[in-house]
Amino acid sequence: MKAITLLGATGSIGTSTLDLVARNPERFRIHAVASGRDWAKLADIARASSARVAVIADEGGYRPLREALAGTGIDVRAGEAAMVATAAEPVDLVVAAIVGAAGLAPTLAALEAGTTVALANKEALICAGDVMTAAARRSGARILPVDSEHNAIFQVLEHVERVSRIVLTASGGPFRERSRAEMADVTPAEAVRHPNWSMGAKISVDSATLMNKGLELIEAHHLFGVGPDRLGVLVHPQSLVHGLVEYVDGSVLAQLGPADMRVPIAHALAWPERIPTPVKRLDLAMAARLDFEEPDRARFPALALAEAALAAGGCRPCVLSAANEVAVGAFLDGRIRFLEIADVVAETLEALPAAPVATLAEVAAADAEARARAHSFAAHRARR
Ligand code: NDP
Ligand code: MG
């Protein structure tokens with residue numbers, strides 16, 4: 001029986017995780033569930049999953065959550081310190097599925113405690129990859145990738161020193177075939193309508209700009225210890241091949257599967273075993289074709305920005321990711337236009353110097369400065 005702490009329980013990954021846990025009660029039990037603001041949904045989840053602990057990051061959610069869970073015996077907590085302390089409690093697996101930089105401190109706490117982390121919160125590695133992997137090395141904690149491409153690569157990766165190239169696939173997003181002019185006036189509703197995957201709003205917009213794939217290159221670098229020269233991206237509109245590893249002998253191993261996050265989540269939950277899932281089976285005869293093309297960095301400049309940040313290292317990936325979070329938020333709120341997301345990120349990167357980051361405090365400082373700059377660049381554009 002694996003005891004699980006689920007951070008980000010109310011989100012898209014959280015919901016899929018709970019579905020798999022509920023289908024396998026003999027294998028998994030929920031120790032703690034945690035989320036940001038949605039105390040009502042968290043209360044329902046805590047009851048339904050028989051969690052022992054429920055944590056809400058927003059302190060204002062403490063009283064209503066406590067009232068909603070009165071009489072259940074569930075231990076109710078609130079605030080960031082409680083989130084971090086809960087993540088450090090001994091369990092078999094922490095599922096890190098908070099969105100954005102808010103996931104950094106609890107993910108680090110789990111790794112420092114030596115707990116295996118099923119990592120969906122890619123921002124933790126993008127912003128603080130060196131800090132996270134160093135903590136994992138010190139404590140012996142393992143990071144199991146949940147992000148579908150990285151999970152795919154994890155499944156086919158052996159002898160990393162014999163790898164000549166790791167390739168992440170990208171669907172190309174909803175605007176794969178559009179010109180820049182045709183992308184100028186797209187709405188948030190169009191941008192979040194992903195052709196293949198159902199995901200949270202922020203990552204859906206990141207898929208539309210291709211920033212998601214750039215962030216995933218940075219994630220892959222930290223997960224697999226492979227430099228940018230051995231990492232590549234291919235656009236693959238069917239989203240059936242999730243990742244490929246080419247070995248020095250010319251063999252290429254790929255993982256295929258339906259575009260359903262429950263496949264990689266199930267892999268990470270059950271690893272090193274496998275569990276059945278209810279997903280629709282991959283039917284290659286029905287799919288008929290697998291297409292691949294080079295990404296177009298001129299139409300999707302966010303990818304090139306991320307590649308440059310990866311090459312530069314230090315604080316650059318954190319600045320990129322923080323500016324992107326702000327810019328995506330401004331786009332979703334209707335304050336800036338779709339193509340301005342990459343503009344705001346580029347302006348923020350230009351405005352801030354490169355610097356090394358060695359601790360979570362330094363990462364937090366770089367993150368805060370990048371957010372402040374990005375907010376002012378976005379506000380400037382919104383006024384125009
Ligand atoms: P959602 O937006 O659906 O969910 C986000 C979750 O984070 C919610 O549970 C939310 O709680 C919680 N949260 C937000 N802020 C805080 C905070 N300050 N403290 C604690 N919890 C917080 O996101 P997704 O599930 O789509 O994505 C989660 C992570 O997984 C992201 O990093 C994303 O990049 C990654 N990922 C997602 C994929 C997908 O298919 N969805 C695929 C690959 C990676 P509340 O609702 O209560 O505010
Ligand atoms: Mg992915």
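How does strand β6 (residues 116-119) pair with β7, and over how many bridges? I looked this up first. The two strands run parallel, and their pairing covers three bridges. Within that pair I found Val-117 standing opposite Ile-143 of β7. A reminder to myself: this is a predicted model.

**Entry: the seven-stranded sheet**

I then traced the sheet that holds this pair. It is an open sheet of seven strands with parallel pairing, and I wrote the order down as β4-β3-β2-β1-β5-β6-β7. The edges are β4 (75-78) and β7 (143-145); each has a single partner strand, so one side of each is left without a neighbour in the sheet. On average, neighbouring strands here are turned by 20° against each other, direction ignored.

**Entry: the four-stranded sheet**

I went on to another open sheet, this one with four strands. Its order is β9-β8-β10-β11, and the pairing is mixed. At the edges I have β9 (231-235) and β11 (252-256), each pairing on one side only. The average turn between neighbouring strands of this sheet is 20°, again with direction ignored.

I looked harder at β10 (residues 241-247) and its partner β11. They pair in the antiparallel sense over five bridges. I checked who faces whom: Val-241 is opposite Leu-256 in β11, and Leu-244 is opposite Ala-254 in β11. The two strands make a hairpin with four residues between them, and there Gly-250 takes a positive phi near 95°.

**Entry: backbone oddities**

Which residue has a positive phi although it is not a glycine? I noted Ser-50, with a phi of about 55°. I placed Ser-50 in the loop between α2 (39-48) and β3 (53-56).

I also flagged the peptide bond from Trp-271 to Pro-272, which is cis with omega near 5°. Pro-272 sits in a loop as well, the one between α12 (262-270) and α13 (284-287). Why flag these at all? Because most residues other than glycine have a negative phi, and most peptide bonds are trans.

**Entry: around ligand 1**

Next I listed what surrounds ligand 1. There are 25 residues around it, and those that come nearest are Thr-10, Ser-12, Ser-35, Asp-38 and Glu-123. Sorted by class, I get twelve nonpolar, eight polar and five charged residues in the shell.

Where does the shell come from? Domain 1 (2-121) and domain 2 (149-259 + 286-383) each give at least three residues to it. As for helices, α1 (12-23) and α6 (122-139) each supply at least two residues.

I wrote down three polar distances, each from an oxygen atom of ligand 1. To an N or O atom in the side chain of Ser-35 I have 2.8 Å. To a polar backbone atom of Gly-11 the distance is 3.1 Å. To a polar backbone atom of Ala-120 it is 3.3 Å. How much of ligand 1 does the protein bury? Taken alone, ligand 1 exposes 900 Å², and the protein buries 83% of that.

Key:
Residues numbered from 1 in each chain as written. Chains lettered and ligands numbered in written order. Predicted model: local features only at pLDDT ≥ 70, side-chain atom pairs only at ≥ 80, totals over all residues. Heavy atoms only, no water. Near = heavy atom within 4 Å. Polar contact = N/O pair within 3.5 Å; in protein donor to acceptor, adjacent residues only side chain to side chain. Areas by Shrake-Rupley, 256 points an atom, 1.4 Å probe, with all protein chains shown as cover. Nonpolar A, V, L, I, M, F, W, Y, C, P; charged D, E, K, R; others polar. Domains from an automatic or database assignment. Pairing = 2+ DSSP bridges. Axes fitted to C-alpha atoms, helices over the stretch in contact; angles between N-to-C directions.
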